[in-house]
Amino acid sequence: MEAFAHQLQQLAKVAVHVGLGLREGQELVITAPIEAAPLARKIAEQAYRAGSPLVTVLYDDEANTLLRFQHAPESAFDKTPKWLFDGMAAAFQSGAARLHIAGNDPNLLQGQNPESVARANRARSVAYRPVMELITTHHINWTIVAYPHPAWARVVFPELSEQEAVQKLWEAIWKASRLDTPDPVATWQAHNQNLSERVNYLNHKRYSALHFKGPGTDLLVGLADNHIWAGGAVQAKNGVVCTPNIPTEEVFTAPHKDRIEGYVRSTKPLSYQGSLLEEIEVRFEKGQVVEAKAKRGGEVLERVLQTDEGARSLGEVALVPHSSPIAQSGVLFYNTLFDENAASHIALGQAYSECIEGGSQLSPEALAAKGANSSLIHIDWMIGSSQIDVDGITESGQSEALMRAGEWV
């Protein structure tokens, strides 16, 4: 127990000082599954020690969520606590930082009515939009870390007892989050510097498109006009430098919503809102998904694509080497925070305005004119592996090798 308490303390330090870069006098809003209360408390302690005057923790109880889908009337699924999201948006507009602790049951809603799940997700997305915009535009400093939820651990390590599975998942989170070093904060500073150098290289090259090719994939992703690559630490509009994801291995930018052609196959399962989607295959024409299927979760995928017009195009393309610690662990986490950092990926839906030059000052119409996609959703899914090659396409149409067999050249 003493070792576990030390590990929680180390993760909390990284979350507050690297993930958030929390400044003295700044409030903090934490959202977390109720199972993650031990970590939430350690983070709150670190935040108060860093000078925060108020830490507010909002817990999510998945058992209560499941009860809704099992017993609530059909009319209930178009309702959502808008008042809660309005309050969160007000907190962020007033300068509070945001931290989310990931860790949920990937199979929570398995067997529930997909139409009800889709309606509930859409209602939540609409109400949550003001919060999402503040996050995606980096209005405030924010980060995400993870905690080993028992149900999540059972999915990742089904052959083990729950206690053993939780311990093994915690060890995997610990290592993937680069906490297995004498000074994790210094380790993260060095890692962020490496990601910054990769970002600078890609911003210098100014590719017009990326070409992904491998088994089941031949995809040309045009990049938005005046796009900017990002990755690792970023400076929020409030001047605070934060690392939005712990862990992170990606560099990413905005695709052009109208310049995506070809077909692509997922290389890892996608856990989305309590449902699991496996072996996703989609085909794009002029930036839009025109065909889509999945070996598992096909109904969920189709309803995701029906969310709004922007749900059928891409808001992000990211490059991750197959040699990332998460990929090399051999663990399939069934959680996007980790799995997206094991493989190159794309995201259906909303683009990040930070990935367009001057994007934070541009109107939605101006962003769209440059190719940035707009949607209620932003859903990452993995398309990279040791069998995928990636080329950068120059303005003149030349192909330059960026990745071979999933590794930077």
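Reader: In which loop is A405 found?

Author: A405 is found in the loop between strand 18 (399-404) and strand 19 (407-408). Please bear in mind that this is a predicted model.

Reader: What is the sign of phi at A405, and is A405 buried, partly exposed or exposed?

Author: Phi of A405 is positive, near 50°, in a residue other than glycine. A405 has a relative accessible area of 40% and is therefore partly exposed, since that class covers values between 20% and 50%.

Reader: Where is H138 found, and what is its phi?

Author: H138 belongs to the loop between helix 5 and strand 4. Its phi is positive, about 55°, although H138 is not a glycine. H138 counts as buried because its relative accessibility is 5%, and the cut-off for buried is under 20%. A positive phi is also found at R178, near 55°, in the residue that follows helix 7.

Reader: Backbone geometry also includes omega. Which residues does a cis peptide bond join?

Author: The cis bond joins I246 and P247, with omega about 10°. P247 lies in the loop between strand 8 (241-242) and strand 9 (251-253).

Reader: Let us turn to the sheet. In what order do the 4 strands of the open sheet lie?

Author: To read a sheet, one takes the strand order, the pairing sense, and then the edges. Here the order is 2-1-3-4, and the pairing is parallel. Strand 2 (55-60) and strand 4 (142-146) are the edge strands, each pairing on one side only. From one strand to the next, the twist averages 15°.

Reader: How many bridges join strand 1 to strand 2, and how many does strand 1 form with strand 3?

Author: Strand 1 and strand 2 run parallel and are joined by 6 bridges; A32 stands opposite Y59 in strand 2. With strand 3 (residues 97-102), strand 1 (residues 28-33) pairs in the parallel sense over 4 bridges. On that side, L28 has A97 in strand 3 as its bridge partner. Helix 4 (residues 82-93) packs on the sheet and touches strand 1, strand 2 and strand 3. The direction of helix 4 makes about 140° with that of strand 1.

Reader: Which residues point each way from strand 1, and are they buried or exposed?

Author: L28, I30 and A32 point one way, while V29, T31 and P33 point the other way, and all are buried. Strand 1 is accordingly described as mostly covered, with 6 of its 6 residues buried.

Reader: How should the packing of two helices be described?

Author: The general description uses the angle between the axes and the distance between the axes. In this structure, helix 1 and helix 8 (residues 184-205) have axes that come within 9 Å and cross at roughly 45°. That angle makes helix 1 oblique to helix 8. The crossing is right-handed. Q10, V14 and V18 of helix 1 make the contact with P184, V185, W188 and N192 of helix 8.

Reader: At what angle do helix 1 and helix 2 pack, and which residues meet?

Author: Helix 1 and helix 2 (residues 37-49) pack at an angle of about 55°, and their axes are 8 Å apart. These two helices are therefore oblique to each other. Helix 1 passes helix 2 in a right-handed crossing. The residues of helix 1 that meet helix 2 include A5, L8, L11, A12 and V16. Among their counterparts in helix 2 are P38, L39, I43 and A47.

Reader: How far does helix 7 reach from its first C-alpha to its last, and which of its residues are buried?

Author: One may compare the span of a helix with the expected value, and then ask what covers it. Helix 7 (residues 162-176) has 15 residues and reaches 21 Å, close to the 21 Å expected at 1.5 Å a residue. In helix 7, A165, L169, W170, A172, I173, W174 and A176 are buried. What covers these residues includes helix 1 (2-20), strand 4, helix 6 (150-156), helix 10 (325-328) and helix 11 (336-339).

Reader: Finally, how many residues apart in sequence are A118 and Q306, and what is their separation in space?

Author: A118 and Q306 are 188 residues apart in sequence and 9.4 Å apart in space, C-alpha to C-alpha. A118 lies in helix 5 (residues 114-136). Its relative accessible area is 23%, so A118 is partly exposed.

Conventions: Residues numbered from 1 in each chain as written. Predicted model: local features only at pLDDT ≥ 70, side-chain atom pairs only at ≥ 80, totals over all residues. Heavy atoms only, no water. Pairing = 2+ DSSP bridges. Axes fitted to C-alpha atoms, helices over the stretch in contact; angles between N-to-C directions. Contact = heavy atoms within 4.5 Å. Expected span 1.5 Å × (residues − 1). Buried < 20%, exposed > 50% of the residue type's maximum accessible area, 1.4 Å probe, protein only. Parallel < 35°, antiparallel > 145°, perpendicular 65-115°, else oblique. Left-handed = near helix turned anticlockwise from the far one by under 90°.
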